[in-house]
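Open the model in your viewer and follow the stops below. Each one tells you what to select and what is there.

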Amino acid sequence: MFITILGAGAGGGLPQWNCGCRNCTDARTGRLPPMTQSSVAVSVDGVDWVVLNASPDIRAQFASSPSMHPTSLRGSPVRAVVLTNGDIDHVAGLLTLREKTPFTVYATSETLGILDRDSVFAVLDPALVSKETIALDAAFSPLAGLQITPFAVPGKVPLYMEGAEVDTEAMGENTVGLRITDGAKVLYYIPGCATLPDWLVARLGEADMLLFDGTVWENDEMAQTGTGAKTGARMGHISMRGDAGSLARLSGLTQTRKLYIHINNTNPILQPDGPERAEALAHGWQITADGMELEL
Ligand code: MLT
Ligand code: MN
Ligand code: ZN
């Protein structure tokens, strides 16, 4: 399996348009590499690709990834887009893919319903862009030789659909993880996850590679950095640090190559010489970056 990190950042990217935090400032001055928003491309043959989540930055991501370039006058090696939720950073890029090239969008009925109810997504010509409903725990094959099984992970509805009361650890079709296999190796992609219950930790033991929610280092990171009041938990994202955090909870996954993805611009692990990054590396994690190419 070939895996390209198209965007390692969380919603907003790095730098975020309205943010003057240390990381965003460092990205503007060239001290830190910028990150585009949350997206991954996967292929079994290096020719045909499936894109996991369509970020608002997809145009630039495709432009800077030779594997995504057209190989004919009109067309694309991208055969499908699979969505893990309806967040803006995961669906807005669909609007860029509107130029009359066929592909298939795979998502749960809950997430497809969001697209169907919003008339702007009707710009994707149904004669060319088919939408396939995927069911929890049922494998589908978006590319020959590749099987993907979506499964519910703790999470919430997209920000723009939140009502007065929000269950931030809901289990259902709104937030899914993906188990991806070519029959030989197993990749898990979980860019949004609110908690790591025992069943999920046990399940991830079979992963050869894990791309996991690296949004925040600490739950109150936005307050600490003065960028806002929202906690990671309220955003539906587990923190890295703490007894219930992903560093501790996944420390037993010694056979799995673990990489953080969907990294928020406030996250101190982005600082190359900081103690937080050193701690994550000491726990066996790698930190993804835009353009990173992985093989399984
Ligand atoms: C998230 O991952 O929490 C969302 O992308 C937030 C957002 O939509 O801004
Ligand atoms: Mn996001
Ligand atoms: Zn920032």
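What is the site of the zinc ion (ligand 3), given the angles among its 4 donor atoms? It is tetrahedral, with angles of 98 to 116 degrees. Keep in mind throughout that this is a predicted model.

**Stop 1: the zinc ion**

Select ligand 3 and the residues around it. C19, C21 and C24 each coordinate the zinc ion through SG, and N265 does so through OD1. The coordination distances run from 2.3 to 2.6 Å. Along the chain, these donors follow the spacing C-x1-C-x2-C-x240-N. C24 lies in helix α1 (residues 22-28), while N265 lies in the loop between β12 (257-261) and α8 (275-282), so the pair ties together parts that are 241 residues apart in sequence.

Now check the surroundings of two donors. Are they buried or exposed? C24 is buried, with a relative accessible area of 0%. N265 is buried too, at 2%.

**Stop 2: T266**

Stay in the loop between β12 and α8 and select T266. At 4% relative accessibility, T266 counts as buried, because the cut-off for buried is under 20%. Show its side-chain contacts. One polar contact runs to the side chain of E221, at 2.6 Å. Another runs from the T266 side chain to the side chain of N264, at 2.8 Å.

Which residues does T266 touch beyond its neighbours within four places in sequence? They are N23, E221, T225 and T227.

**Stop 3: the manganese ion**

Next, select ligand 2. This manganese ion is coordinated by D89 (OD) and H262 (NE2), at 2.0 to 2.2 Å. The two residues come from distant parts of the chain, 173 residues apart. D89 is in helix α3 (residues 88-91). H262 is in the loop between β12 and α8, the loop that also holds T266. Both D89 and H262 are buried.

**Stop 4: the aromatic pairs**

Switch to the rings. How many aromatic pairs does the structure hold? There are 4. Two of them are on this tour.

Start with Y106 and F140. Their rings are stacked, 4.8 Å centre to centre, with 25 degrees between the planes. This pair links distant parts of the chain: Y106 sits in strand β5 (residues 103-107) and F140 in strand β7 (residues 140-143), 34 residues apart. Both Y106 and F140 are buried.

Then select Y260 and W285. This pair is stacked as well, at 3.7 Å centre to centre and 5 degrees between the planes. Y260 belongs to strand β12 and W285 to strand β13 (residues 285-287), so the link spans distant parts of the chain, 25 residues apart. Y260 counts as buried, at 0% relative accessibility. W285 counts as buried at 1%.

Add F212 to the selection. F212, Y260 and W285 form one aromatic cluster.

**Stop 5: a charge over a ring**

Finish with R203 and F151. Where is the charged end of R203? It sits over the ring of F151, 4.0 Å from the ring centre.

**Before you close the session**

Go back to the loop between β12 and α8 and select three of its residues together. N265 is a zinc donor and lies in this loop. H262 coordinates the manganese ion from the loop. T266 is there as well, with its side chain in polar contact with the side chain of E221.

Key: Residues are numbered from 1 along each chain as its sequence is written. Chains are lettered from A and ligands numbered from 1 in the order in which they are written. This is a predicted model: local features need pLDDT of at least 70, side-chain atom pairs count only at pLDDT 80 or more; totals for chains, interfaces and linings use all residues. Side-chain values use heavy atoms; hydrogens and water are left out. Donors are N, O and S atoms within 2.8 Å of the metal (3.2 Å for Na, K and Ca); water is not among the atoms, so sites may look incomplete. Four donors count as tetrahedral if all angles lie between 85 and 135 degrees; four count as square planar and six as octahedral if opposite donors are over 155 degrees apart and all others between 65 and 115; anything else is irregular. Helices (H or I, at least four residues) and strands (E, at least two) are DSSP runs, numbered from the N terminus. Buried means under 20% relative accessible area, exposed over 50%, partly exposed in between (1.4 Å probe, protein chains only). Rings of Phe, Tyr and Trp (its six-membered ring) pair if their centres lie within 6.5 Å; planes under 30 degrees apart count as stacked, over 60 as edge-to-face and the rest as tilted. A charge sits over a ring if NZ of Lys or CZ of Arg is within 6 Å of the ring centre and within 35 degrees of the ring normal. A polar contact is a pair of N or O atoms within 3.5 Å; within protein, one must be able to donate a hydrogen and the other to accept it, and residues adjacent in sequence count only if both atoms are side-chain atoms. Contact means heavy atoms within 4.5 Å.
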